Amino acid sequence: MIVEIGHFALALALGVAVVQSVVPLWGVARHDRALAGVGSSAAIACFLLVALSFAALVVSYVRSDFSVENVAANSHSTQPLIYKLTSVWGNHEGSMLLWVLILTLFGALVALSRRSLPVRLRAGTLAAQGMVTVAFLAFTLLTSNPFRRVFPAPADGQDLNPILQDLGLAIHPPLLYVGYVGFSITYAFAVAALIDGRIDAVWARAVRPWTLLAWVFLTLGIAMGSYWAYYELGWGGWWFWDPVENASLMPWLAGTALIHSTVVMEKRDALKVWTILLAILTFSLSLLGTFIVRSGVLTSVHSFATDPARGLFILMILVFFVGGSLALFAWRAPLLRQGGLFAPVSREGALVVNNVFIATACATVFIGTLYPLVLEMVTGAKISVGPPFFNATFIPVLVPLLLVLPLGQSMAWKRGDLLGAAQRNAAAFGLALLVALATIAMTWGGPVLAPLGIGLGIFLVLGALFDLGERIVTRASGWSAVLSRAKGLPRSAWGTALAHAGVGLSVIGIAATAWSTEGIGVLKPGERLTSGRYTVVLESIQPRKGPNFTAEVARFQIFSGSRELAPVEAGKRIYTARAMPTTEAGIRTDGLSQAYIALGEPQGDGAIAVRLYDKPLILLIWIGAIVMSLGGALSLTDRRFRLAAPRRSATAQPVAVQPAE
Amino acid sequence: MLIWIIFAVMTGAAVFSLLWPLSRSGMTAFADVADATSLYRAQLGEIERDLARRLIAPTEAEAARAEAARRLLRASGEQADPAGETESSLRRRRASSALALSCVPLLALLVYGAYGSPGQPDQPLAARLQADPSQQDFALALTRIETHLANNPSDGKGWSVIAPVYLRQGRYDEAANAFASAIRHGATSSETVAGLGEARTLAAGGVVTAAARESLVEAVRLDPSNARARFFLAIGKEQDGDVQGAIAALRTLLADAAADAPWSMTVRQRLARLEAEASGGDLAALPPAEQQVAVRAMVDGLAERLKAGGGTLPEWTRLIRSQTVLGDKSAARTALATARERLSQDAAALAALDALAVELALRETAP
């Protein structure tokens, strides 16, 4: 009965969402507060219904109710409880339900944030969000219904794709979905502003926390996905420029640009039209990603079952929301009141530079991802656009942006001082250059660009720290003054510094991959293999039995030089229900570096093929991403009102180097 | 029935949540301008606070204040939205209520009606397993035994229970494995050993291979009256071309059995066909073309069976001879080579094969 209640709740939610998308809009158009108020209660009701539905599916999975087709196809009675739970969204239908759940959760949150949102804006936003909900609910119910039953119920399930049987599945998709779906709220805000024809600092202030929230989760989601691919796929790569990854990178880039442009809008009442467009584009790119992943245009771990009907449905959703919002934009944007102009050399000018570069970077990824797909559709020719393309286009766009980032960060609003900014960053730049030169000297004959990358990363980190220091530390004042200034510094300033330092850390980690090494050997117990700084000795190979798999586990002693690290195990598993093998890499973390062991095929005579990688500083890539998200989260907690005040030059006002954030 | 009551309550709650805000009277128009002006007022307040905490310099505060004040002026310059008229707002509420009242239940019933199974209870696995075994569906019982055996692979009795099930389901290889496991773990009854023979035979496409024959002979040794084993042994004889032997074996089988044995019908049919073939239906009676086809089919059957494994010297000799007579020298040579491999332990057999090769002029390719 629980299954059917869940199913009915989902069907009810569809009706409620239809009301949510129609009535508040009418209220906005007719200035009727009662009608507009329907949006809030509809959004909350919708969330409760979808939550009930999701809970029903979770219960079905936990109780292994194989009369539910989705449960039978994606779980197994011998799975540990945690994987029974994660199996809920480890498949197409369940993940769509999770998607809709998060969508309605965001709607409910908007509905509940009565204090910070003007009524009209809230009603319009909820109506737009309601339309998105209708589309995805209809898609879920009609083409990907997770509550379909099958009778007689199979005796046991077909198990979850073994690659997905990992803790990563518990974390990566929910994070990513909160990110993707969070941008649907900014999209809804943009549509509401366009319909209402009013856009101002109030709008920017209302949108900012949602954008930040979505961005923080998307950052974490992508980083988690990257780390998961790194340790699960068994060959030590962490980013493949795979279309599915690009599908998540594009909204991230657009969202990053959006965060920066909303700051300009909030503080200077400028860049309004562009910000609206960015908000629309960000969610459009999320939808595009969904289409690429779910339609069966490509095959990957993410594509689950593919079905042309689903692809067509998503394409229709895509056309409706992207086309509709862009048409609305073309119609209404000229009517919006433009913001003021501003000087090119100023913080807002720097933020425009940021936007231009990031938008360009996003465009290169867009072309690199879609061109092969379109070409294949039109001419049937299969071409592969891989890392060489992105290395040649994406990186040259990003590097100049990162180079000027510390300058922009230390510039004042309204009237900036390029020379002053350069002076303020001279120390950071000098130190970074020194480190880069030292690295070149130490690794002479190695990769050429990597030391420069390290230098760039250090410049970013130091630039962020120095900027922070300059705001806190004043000449001729004691520790207590520093402390009070540190306390007084808005959390968004801390957040900015942290996020930019995070970018620097990731850059260092990425640059250091140039020094990673790979060693391949066929080992018998007692034999050794060396790669880079690490040497492993194979101790034993033993069979092992898991709840729903059998495994061959190889145990290694591992040495860094003469220092012995804790032993590590690497394995190959065969999942019995699907008879599918997976590789379980053995990873030993050593400071910020990792030794990575992947097993190959057994050679018959008791020997086994082993690949050993030395991955220097690799953890910095993900630590950087986490630091970035922390920065975003910190900035999110800052709910102060923002208004740009020009900063006078330090010579004229020796006391004040503190901008009002 | 209960489920429909629950559905009705859910629908009622959903519709109510939509109607509730419509029922509230109160401000009918927006006062949105207040939102903008209050924001700027709050900003002005904050500038004062920052100034008091010495977070910004007086000159900055002044500039910021000027900016906020400019925006405040602009925002309050905008006209408030006109309030909606009561008459039309009432109409709008009615229309909205009608939409909520109709759209929500209708859509829900339509979609749920198309995909839902309201009459079906949940079937959590634990409850299904606890149900009375006689009520359990067959597949589930099978899975239970399989799970049990996966954890206790040395349970010979369990294997001997599941093996005939596989056999009936046509999963011959799995059946053969299960019978073999049962025998390995002590369940060595004649019936089990005969089952292994049958499974091996059926797994080989109905050909009694040497391995199958071994099991069948063993089964008859354990229990001379084992009808299953004797029947398949007779079929083996027939496949070897020993039609008379097969007929005799089947006759004694029928004679030994009770008249109402459930399998006697199958045996009688087989016997009747064999007798027809052996007497009037002899090959010689057929027209030449059909005769050729029939002979070739027999030879091919034999070749197929020997290829699958085993084979005695007389069987191989018969095959090689027949193939040579049919003019298929290359097949005969292949068979000869295979026979040499299979019988390489037996010096006398090798010598006989050599002699055969000389006799049939297959010598040139033999090593």
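What follows is a chat about some helices and loops in a predicted model.

Visitor: Ground rules before we dig in?
Guide: This is a predicted model, where local features need pLDDT of at least 70, side-chain atom pairs count only at pLDDT 80 or more, and totals for chains, interfaces and linings use all residues. Residues are numbered from 1 along each chain as its sequence is written, while chains are lettered from A and ligands numbered from 1 in the order in which they are written.

Visitor: OK, helix H8 of chain A. What should its 32 residues span at 1.5 Å a residue?
Guide: The expected span is 46 Å for residues 201-232, and the end C-alpha atoms are 45 Å apart, which agrees. Helices here are DSSP runs (H or I, at least four residues; strands are E, at least two), numbered from the N terminus. The expected span is 1.5 Å times one less than the number of residues.

Visitor: Where's the kink in H8(A)?
Guide: At Val207(A), shortly before the proline Pro209(A), and the kink is about 30 degrees. A bend is the angle between axes fitted to the seven residues ending at a position and the seven starting there.

Visitor: And is H8(A) mostly covered or uncovered?
Guide: Mostly covered, with 26 of its 32 residues buried. Buried needs 20 or more other C-beta atoms within 10 Å of the residue's own, exposed means 12 or fewer, and partly exposed is in between; the C-beta atoms are placed from the backbone. Just after H8(A), Gly234(A) has a positive phi of about 80 degrees.

Visitor: Which residue in the loop between H8 and H9 should I look at?
Guide: Try Trp241(A), which lies in that loop. Its phi is near 55 degrees, a positive value in a residue other than glycine. Trp241(A) has 18 other C-beta atoms within 10 Å, so it counts as partly exposed.

Visitor: How do the axes of H9 and H12 of chain A cross?
Guide: H9 (residues 243-268) and H12 (residues 347-379) have axes that come within 9 Å and cross at roughly 160 degrees. That makes H9(A) roughly antiparallel to H12(A). The contact has 15 nonpolar, seven polar and two charged residues. Axes are lines fitted to C-alpha atoms, for helices over the stretch in contact, with angles from 0 to 180 degrees between N-to-C directions. Under 35 degrees counts as roughly parallel, over 145 as roughly antiparallel, 65 to 115 as roughly perpendicular, and the rest as oblique. For the classes, Ala, Val, Leu, Ile, Met, Phe, Trp, Tyr, Cys and Pro are nonpolar, Asp, Glu, Lys and Arg are charged, and the others, Gly among them, are polar.

Visitor: What about H17 and H18 in chain A?
Guide: The axes of H17 (residues 491-512) and H18 (residues 619-636) come within 7 Å and cross at roughly 170 degrees. That makes H17(A) roughly antiparallel to H18(A).

Visitor: Where does H14(A) bend?
Guide: At Asn425(A), by about 45 degrees. Asn425(A) is also one of the buried residues of H14(A), which include Arg424(A) and Thr439(A).

Visitor: Switching to loops: which residues does a cis peptide bond join?
Guide: Phe151(A) and Pro152(A), with omega about -5 degrees. Pro152(A) lies in the loop between H6 (119-143) and H7 (167-196) of chain A. Asp159(A) is in the loop between H6 and H7 too, and its phi is near 75 degrees. With 24 C-beta neighbours inside 10 Å, Asp159(A) counts as buried.

Visitor: And chain B: where does Leu319(B) lie?
Guide: In helix H15 (residues 313-325) of chain B. Leu319(B) is buried, with 25 other C-beta atoms within 10 Å.
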